[in-house]
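Dear colleague,

I am passing on a structure that you have not worked with before, and I would be glad if you could look through it alongside the notes below.

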Amino acid sequence: MKVFLVGFMGCGKSTKAKQLANLLECTVIDIDAVIVSQEGMSIADYFAANGEAAFRDLESKTLKTFNYPDTCVVATGGGLPCFLDNMQWMNENGITVYLEMTPPQLGSRLHNREKRPLIKGMDDEQLLAFIVGKLEERNPFYHPSKLAINAFDLEPKALLEEINSLKG
Ligand code: S3P
């Protein structure tokens, strides 16, 4: 089983991926972390040096060419499902889970804005307005996930039970 966690910046994909992989005793893969280690630079530096379009090509290529073990949990970047055919590819290759949160919940969790190029330098008010607009734009891409679940205060065991119940 491969589980792909998708959702907006700050919804806890990386943390939940680690917790889930712990419960399943399997490997965790973070697509952003794979890019950082392959490119030898942060995502913010990659954006600054090459622009967003180059980043989107690279994240799609990384998603589709990574040598995944049979069982693993994959944390994806917040924009990854919204570009190219990435969402379709994930749905064909594993179980997609949308970790949903409301804009205020996301805003309250996005403290480290400097490392995220799309929200760098925003104050709280600007951030909330950005989240509301971007989430509306991105929700149609996130929602073809096999499972959508509110991720605020979500216990890893409850998440695993929901995923297992999909398999009937
Ligand atoms: C992005 C989200 C980031 C990272 C990049 C772009 C986005 O990942 O991939 O900064 O477009 O929402 P996180 O969701 O892990 O912050």
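The notes that follow take up the core, the ligand and one loop residue in turn.

Please keep in mind throughout that this is a predicted model.

The largest nonpolar core has 51 residues, and those with the most contacts inside it are Tyr 68, Val 97 and Leu 99. Helix α7, which spans residues 124–142, supplies the largest share of this core, namely five residues. If we leave aside residues up to four places away in sequence, Val 97 touches Val 3, Phe 4, Leu 5 and Val 6, and in addition Ser 145, Leu 147, Ile 149, Leu 159 and Ile 163. In soluble globular proteins, nonpolar side chains tend to be buried together.

Around the ligand there are 13 residues, of which Lys 13, Arg 56, Gly 78, Arg 116 and Arg 138 come nearest. An N or O atom in the side chain of Arg 56 is 2.7 Å from an oxygen atom of the ligand, and a polar side-chain atom of Arg 116 likewise lies 2.7 Å from a ligand oxygen. With Gly 78 it is a polar backbone atom that is 2.8 Å from an oxygen atom of the ligand. On its own the ligand has 380 Å² of accessible area, and the protein covers 93% of this.

Arg 113 sits in the loop between α6 (103–109) and α7, and it counts as buried because its relative accessibility is 12%, where the cut-off is under 20%. A polar atom of the Arg 113 side chain lies 2.8 Å from the backbone oxygen of Leu 110. Not counting residues up to four places away in sequence, Arg 113 touches seven residues listed here in full: Gly 107, Ile 119, Lys 120, Met 122, Asp 123, Asp 124 and Leu 127.

With best wishes

Methods. Residues are numbered from 1 along each chain as its sequence is written. This is a predicted model: local features need pLDDT of at least 70, side-chain atom pairs count only at pLDDT 80 or more; totals for chains, interfaces and linings use all residues. Side-chain values use heavy atoms; hydrogens and water are left out. A nonpolar core is a set of buried Ala, Val, Leu, Ile, Met, Phe, Trp, Tyr and Cys residues joined through side-chain atoms within 4.5 Å. Buried means under 20% relative accessible area, exposed over 50%, partly exposed in between (1.4 Å probe, protein chains only). Helices (H or I, at least four residues) and strands (E, at least two) are DSSP runs, numbered from the N terminus. Contact means heavy atoms within 4.5 Å. A residue is near a molecule or strand if one of its heavy atoms lies within 4 Å of it. A polar contact is a pair of N or O atoms within 3.5 Å; within protein, one must be able to donate a hydrogen and the other to accept it, and residues adjacent in sequence count only if both atoms are side-chain atoms. Accessible areas come from the Shrake-Rupley method with a 1.4 Å probe; for residues, only the protein chains shown count as cover.
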